[in-house]
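Biologist: I would like to learn how to read a structure I have not seen before, one feature at a time. Could you show me the general idea each time and then the case at hand?

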Amino acid sequence: MNLRIGVLGSTNGTSLLPIINAIETKQLQANIAVIISDKQDSGILDKAIKHEITSKYVNPIQENGKRKIRQDFDNEVTNILEENNVELVLMIGYMRIVSKQFTDTWRNKCLNVHPSLLPEFAKGMDMDVHSAVLQSGKSVTGCTVHYVTEEVDGGPILCQEKCNVSKDDTTESLKKRVQELEGKALIFSINTHINMKLKE
């Protein structure tokens, strides 16, 4: 029985492509049930359409123009995930901090990929993380896949992949190299999650 995955993303979802490929080539016993984004023009929704995956846009703004309360927004997301019988949630470039209610609902069933070797540069997002790595002068960076908990970027780690930082790197070149690791780390972590569930 294939694991039903739900994906949350706000950006291009570049790291989703290796997962789709692993599913199509039977390297991963899973399928992507739904992709949800808080950005209507996000690249990850375009990828959903291209690969004929069910997708949903959840508007973070109320009809009166005010931002939705975090918990209310998260409840909408959870409802969509549950309607699609999702068993594991992946956050791929999801530019939102989620509520405690969400982390409690999806405890040990939600993975995030972070573009650094946690706990280094925790609580940063996207280009800010890569910029901070370069400014720090570190020679090695990478990505981390961890379970999502109430503590931002503080959940149990399943996988870390590393790469060298070149003195010639820019934030863009470093981001590209780290992104190339993210798909591999996510696939490893999904398989680890599946194996742990089989042993329960």
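Modeller: Gladly, and please keep in mind throughout that this is a predicted model. Let us begin with empty space, where the general idea is that rolling a probe the size of a water molecule over the atoms shows where such space is left. In this structure the second largest pocket is lined by M1, N2, L3, Q29, E87, K109, H193, I194, K197 and L198, and it holds about 190 Å³ of space.

Biologist: Which element gives the largest share of the lining of the second largest pocket, and how do its residues divide into nonpolar, polar and charged?

Modeller: The largest share comes from α6, with four residues, while the lining as a whole divides into four nonpolar, three polar and three charged residues.

Biologist: What volume does the largest pocket have, and which residues are the closest to its centre?

Modeller: The largest pocket has a volume of about 620 Å³, and of the 36 residues that line it, Y94, N112, V113, H114 and M125 are the closest to the centre. Two or more residues of this lining are given by each of α4 (100–105), β5 (110–114), α5 (126–136) and α6 (171–199). Sorted by character, the lining of the largest pocket has 11 nonpolar, 15 polar and 10 charged residues.

Biologist: From empty space I would like to turn to packing; how should I read the nonpolar residues?

Modeller: In soluble globular proteins, nonpolar side chains tend to be buried together. Here the largest nonpolar core has 34 residues, of which V7, I19, I32, I35, L90 and I190 touch the most other members, and α6 gives the most to this core, with seven residues. Apart from this core lies another, of 18 residues, which includes V58, F73, V86 and V98.

Biologist: Which residues is I19 in contact with, leaving aside its neighbours within four places in sequence?

Modeller: With those neighbours left aside, I19 is in contact with L28, I32, L90, I92, L186, I187 and I190.

Biologist: How does one read the buried residues of a helix?

Modeller: An α-helix has 3.6 residues a turn, so residues three or four places apart point the same way. In helix α2, which spans residues 43–50, the buried residues are G43, I44, L45, K47 and A48, and what covers them includes β1 (3–9), α1 (16–24), β2 (30–37) and β3 (55–57). After α2 comes E52, whose phi is positive, near 55°.

Biologist: Now for single residues: is D169 buried or exposed, and where is its place?

Modeller: D169 counts as buried because its relative accessibility is 12%, under the cut-off of 20%, and its place is in the loop between β7 (157–164) and α6. A polar atom of the D169 side chain lies 2.8 Å from the backbone nitrogen of S166, and the D169 side chain also makes a polar contact with the side chain of R177, at 2.6 Å. Beyond four places in sequence, the residues in contact with D169 are L134, N164, L174 and R177.

Biologist: Why does T105 count as partly exposed, and which residues does T105 touch beyond four places in sequence?

Modeller: T105, found in helix α4, counts as partly exposed because its relative accessibility is 31%, a value between the cut-offs of 20% and 50%. Beyond four places in sequence, T105 touches T78 and E82; T78 and T105 are 27 residues apart in sequence, yet 8.3 Å apart in space from C-alpha to C-alpha. A polar atom of the T105 side chain lies 2.8 Å from the backbone oxygen of Q101.

Note on methods. Residues numbered from 1 in each chain as written. Predicted model: local features only at pLDDT ≥ 70, side-chain atom pairs only at ≥ 80, totals over all residues. Heavy atoms only, no water. 1 Å grid on protein atoms, 1.4 Å probe; cavity = no way out; pocket = protein on both sides within 12 Å on 5 of 7 lines; lining within 4 Å. Points joined across faces, edges and corners; volume = space filled by probe spheres on them. Nonpolar A, V, L, I, M, F, W, Y, C, P; charged D, E, K, R; others polar. Buried < 20%, exposed > 50% of the residue type's maximum accessible area, 1.4 Å probe, protein only. Contact = heavy atoms within 4.5 Å. Polar contact = N/O pair within 3.5 Å; in protein donor to acceptor, adjacent residues only side chain to side chain. Core = buried A, V, L, I, M, F, W, Y, C linked by side-chain atoms within 4.5 Å.
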